[in-house]
Amino acid sequence: MQKYDVIIIGAGIAGLYAAMNIPKSKKVLVLCKDIPWECNTFYAQGGMVSALDNNDISLHVEDTLNAGAHHNLERVVQILSETSIEITADIIKKGMQFDTDSKGNLLYTKEAAHSTARIIHAGGDATGRYLHHFMMTQNPHLLEQNMLVYDLLIENGRCYGIKAMSSYNPVTIYADNVIIASGGVGSLYEYNTNSRTVSADIHGICAEKGIALKDMEFMQFHPTVFVKTPFARKLLLTEALRGEGAHIVDEDGKRFLFDYDNRGELASRDIVSRSIFEYKRKTEKEVYLDCSMFKPKVFHARFPNITHTFSSLGFNLPHDRVPISPAFHYANGGIACNSHGIVPGIEGLYVVGEAARTGVHGANRLASNSLLEGAVFAKRAVEHMLGLDSHIGKIPKFDKDYDNILHKDNDKKYKRRLRKIMWEEVGIVRTTQGLHHARNLIYDMKNHEIGRLLQLRLNTASAIVDAALARKESLGTHYIEDDDQDI
Ligand SMILES: Cc1cc2nc3c(=O)[nH]c(=O)nc-3n(C[C@H](O)[C@H](O)[C@H](O)COP(=O)(O)OP(=O)(O)OC[C@H]3O[C@@H](n4cnc5c(N)ncnc54)[C@H](O)[C@@H]3O)c2cc1C
């Protein structure tokens, strides 16, 4: 029998920072479904928020609440901001190198809806890559890759462990505590910026077991994404570009965003995404990100990752304009938990990072708050868990298994259909009729011969649609174009 003190599902910032805070003396398994760097953390570009000093905390809280349409839990936002200085100091003390000036002072950038420059970054625009590499080297525990969790062992209000496919073999592993750090829901959407590993499996398991998912109607769309590639993961152009001066223009060079909001490119993400979506629909014009105001040398040094990636696609940045579209980017909602990551009603189960709904983001995440959220609340969850020191007693029998039925023949077809319907009907602009249409199609797919993993995706998709239908008025990222409730 395999048994650990702690199992951590996911090896992004939330999972790895949780692992870094658990002493080596504990028997811990960190696992991820693919290679470790296939996660959203690795792809993060812009940076991580860190309040500048104690005076900046109230301003950071205010910016976060304003971006989140005041749907956030203010107490939790306060924790995020107050803890940010200590968390950044801890990461730096352990050896992480953020970008600094020649005197060693941290360099801060600004992104949309921040009232000041308070975002630290690394490798220019490769913050996620640097952070992930650093945390991988700091993880003192066993890390298993190619291990895909497809069930949580839950009975009588207690979590006993997981069932997973480990390099194609089913395994059952028990643990005193399980920390979910499995990220968001990107693969549900046709156009998304997320890693292919981020596919809402664990959300789907939670929905199946009656564990609450909260704020699921608030899915965030990033305004500046290059979607004209054949790959599932579409290429992001960080918000820091606009924060540092890039413009959004139509094919005639018009900065049309000012027709929608007087902050133009610096309005919050939901507003910029919706404005681009509506402008394209109204005018049928192409929309571009224009970086030509940057000096090439400065641009190449500050955004080396974007320069390189787009050069391989034939763009000469900053000279060339890049055609852009909004795309799904981030799940503001998730598995309900308190500010210690405790999943209510289930002993021994925690959730951290993008998978969690802590209440920090409200109806729309403020840029670069998510890496910080992952670190802050992972540490709090671990502190709580170590303090409680809870153990599993007699283990019940968990004999339901899903061997060889994780995938079925039709799954690919239905996955594609799901991604399309989520993009078209549960995307940036929603209608009641469209949401009902999505709900029916999802229900119909659930009644076909499908594999377990698709079933889990459909569970999560249902939770998003149901939450969107339940919220009749627009708020933050949930924008409903009509209020037709008679359908
Ligand atoms: C392109 C891009 C740019 C971004 N830029 C920024 C930024 O500049 N600043 C910022 O703050 N945020 C940014 N974000 C958001 C931020 O990166 C994520 O919210 C954050 O990294 C999530 O961390 P996480 O640890 O919760 O999840 P992830 O880093 O996504 O890790 C999820 C882990 O869970 C594992 N997993 C998932 N399902 C299973 C399963 N069933 N079984 C086993 N393992 C599983 C995966 O393999 C992976 O290891 C960006 C996101 C993207 C996509």
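**Exercise 1. How are α13 and α14 oriented relative to each other in this predicted model?**

Step 1. Start with the axes: those of α13 and helix α14 (residues 452–470) come within 10 Å and cross at roughly 155 degrees.

Step 2. Compare that angle with the cut-off: angles over 145 degrees count as roughly antiparallel. The two helices α13 and α14 are therefore roughly antiparallel to each other.

Step 3. Add the handedness: the crossing of α13 with α14 is left-handed.

**Exercise 2. Which residues of α13 and α14 meet?**

Step 1. On the α13 side, pick out Leu435, Ala438, Arg439, Ile442, Met445 and Lys446.

Step 2. Their counterparts in α14 are Gln455, Leu458, Ala461, Ser462, Val465, Ala468 and Leu469.

Step 3. Sort this contact by class, and you get 9 nonpolar, 2 polar and 2 charged residues.

**Exercise 3. Now take α12 and α13: at what angle do their axes cross, and what is the handedness?**

Step 1. Helix α12 covers residues 411–425 and helix α13 covers residues 432–446; their axes come within 10 Å and cross at roughly 165 degrees.

Step 2. With the cut-off of over 145 degrees, α12 and α13 are therefore roughly antiparallel to each other.

Step 3. For the handedness, the crossing of α12 and α13 is left-handed.

Step 4. Next, list the residues in contact. Tyr414, Arg417, Leu418, Ile421 and Glu425 of α12 meet Gly434, Leu435, His437, Ala438, Leu441 and Met445 of α13. The classes here are 7 nonpolar, 2 polar and 2 charged.

**Exercise 4. Which residues come nearest the ligand, and which element gives the largest share of the shell around the ligand?**

Step 1. The shell holds 45 residues, of which Gly10, Gly12, Gly46, Gly183 and Gly353 come nearest.

Step 2. Look for elements that give two or more residues to the shell: these are α1 (13–20), α2 (40–43), α5 (127–138), β7 (147–155), α6 (201–208) and α11 (369–388).

Step 3. Of the shell, α11 provides the largest share, with 4 residues.

Step 4. Finish with the classes: 20 nonpolar, 21 polar and 4 charged residues surround the ligand.

**Exercise 5. Is Met1 buried or exposed?**

Step 1. Locate the residue: Met1 sits in the segment before β1 (2–9).

Step 2. Count neighbours: Met1 has 7 C-beta neighbours inside 10 Å. A residue with 12 or fewer counts as exposed, so Met1 is exposed.

Step 3. For a distance to try in your viewer, take the C-alpha atoms of Met1 and Thr224: they are 223 residues apart along the chain and separated by 49 Å.

Methods. Residues numbered from 1 in each chain as written. Predicted model: local features only at pLDDT ≥ 70, side-chain atom pairs only at ≥ 80, totals over all residues. Axes fitted to C-alpha atoms, helices over the stretch in contact; angles between N-to-C directions. Parallel < 35°, antiparallel > 145°, perpendicular 65-115°, else oblique. Left-handed = near helix turned anticlockwise from the far one by under 90°. Contact = placed C-beta atoms within 7 Å. Nonpolar A, V, L, I, M, F, W, Y, C, P; charged D, E, K, R; others polar. Near = placed C-beta within 6 Å. Buried ≥ 20, exposed ≤ 12 C-beta atoms within 10 Å, placed from the backbone.
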